[in-house]
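Here's a quick walk through a single model. Have the sequence and the 3D view open, and we'll go from a couple of rings to the core around them.

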Amino acid sequence: MNLATPVVDGRPAAPSGADPLKALLSTYDVHVPASVVGELSTATGSGDLLSAAAELVLNTSHHLMTHDVEAKIDAPLEYELDRDESDGIWLANDLEAALFITDEFNSTNYLFVSLALDDRNTLFTTPHVLCKLASRGVLPPEYVDAACSYYADTKHWDEQYLTRLRDEYTKG
């Protein structure tokens, strides 16, 4: 939902000129557990920014490859991760996915997600995906720079991490 947030945020601080969710969906095959789509449905309807972002993702869900994994999993991972995150990790491992995207990087959950993924997966955060899309010419670097500043201001994502990503992927 973090990729959809700047698109639905009408405040002046929100970056404009690109759609990172659309860029992701047009660049990669995105697989999600059905439980994630269910979680999106419950996040809609309150009229706030999170609700609007969830609604946008739901409107594009026909571009997602949804998998029912609950019947295949006995119990969530014992890493203090929620069920949906556990389902996503299980799916990434089962599909031998090259990438796993998470927004858990401002917490110790990032470390738990990293431990739960098989070694063949590469863990990506939302800003890392944005910077990678900019380096591949899918998103304008100016947009990604503005989006990173937006996330730092609105989500309090780590400035040092964002600066490092921008330096590595968008300035060159």
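Are tyrosine 151 and tryptophan 157 buried or exposed? Tyrosine 151 is buried, and tryptophan 157 is too. Keep in mind that this is a predicted model. Its protein chain has a mean pLDDT of 88, with 95% of the residues at 70 or more. Among the elements, strand S2 (residues 65-67) has the highest mean pLDDT, 96, while helix H6 (residues 109-116) has the lowest, 74.

Back to the rings. Searching the whole structure turns up 2 aromatic pairs. One of them joins tyrosine 151 and tryptophan 157, which are stacked at 4.5 Å centre to centre with 25° between the planes. Ring pairs tie Tyr150, Tyr151 and Trp157 together as a cluster.

Tyr151 also turns up in the largest nonpolar core, which has 33 residues. Along with Leu21, Val30, Leu130, Leu139 and Val144, Tyr151 is among the members that touch the most others. The elements giving two or more residues to this core are H2, helix H3 (34-43), helix H4 (49-59), H7, H8 and H9. H8 provides the largest share, 7 residues. As for Leucine 21, leaving aside residues up to four places away in sequence, its contacts are Leu3, Ala4, Leu56, Val57 and Thr60. There's also a second, separate core of 9 residues, with Ala92, Ala116, Leu117 and Leu123 among them.

Now for helix H7, at residues 126-135. It is largely enclosed by the rest of the structure, because 8 of its 10 residues are buried. Those are Thr126, Pro127, His128, Val129, Leu130, Cys131, Leu133 and Ala134. What do they pack against? The partners are helix H2 (20-27), strand S3 (99-102), strand S4 (122-125), helix H8 (141-155) and helix H9 (159-169). After H7 comes glycine 137, with a positive phi near 80°.

One residue of H7, Cys131, deserves a second look. Here are the two cysteines side by side:

| Cysteine | Relative accessibility | Status |
|---|---|---|
| Cysteine 131 | 0% | buried |
| Cysteine 148 | 0% | buried |

Why don't cysteine 131 and cysteine 148 bond? The sulfur of cysteine 148 is the closest cysteine sulfur to that of cysteine 131, but at 4.3 Å it is too far for a bond. A disulfide would need the sulfur atoms within 2.5 Å. By that rule, the count is 0 disulfides.

Notes: Residues numbered from 1 in each chain as written. Predicted model: local features only at pLDDT ≥ 70, side-chain atom pairs only at ≥ 80, totals over all residues. Heavy atoms only, no water. Buried < 20%, exposed > 50% of the residue type's maximum accessible area, 1.4 Å probe, protein only. Helix = DSSP H or I, 4+ residues; strand = E, 2+ residues; numbered from the N terminus. Contact = heavy atoms within 4.5 Å. pLDDT = per-residue confidence, 0-100. Phe/Tyr/Trp six-rings, centres within 6.5 Å; stacked < 30°, edge-to-face > 60°. Core = buried A, V, L, I, M, F, W, Y, C linked by side-chain atoms within 4.5 Å.
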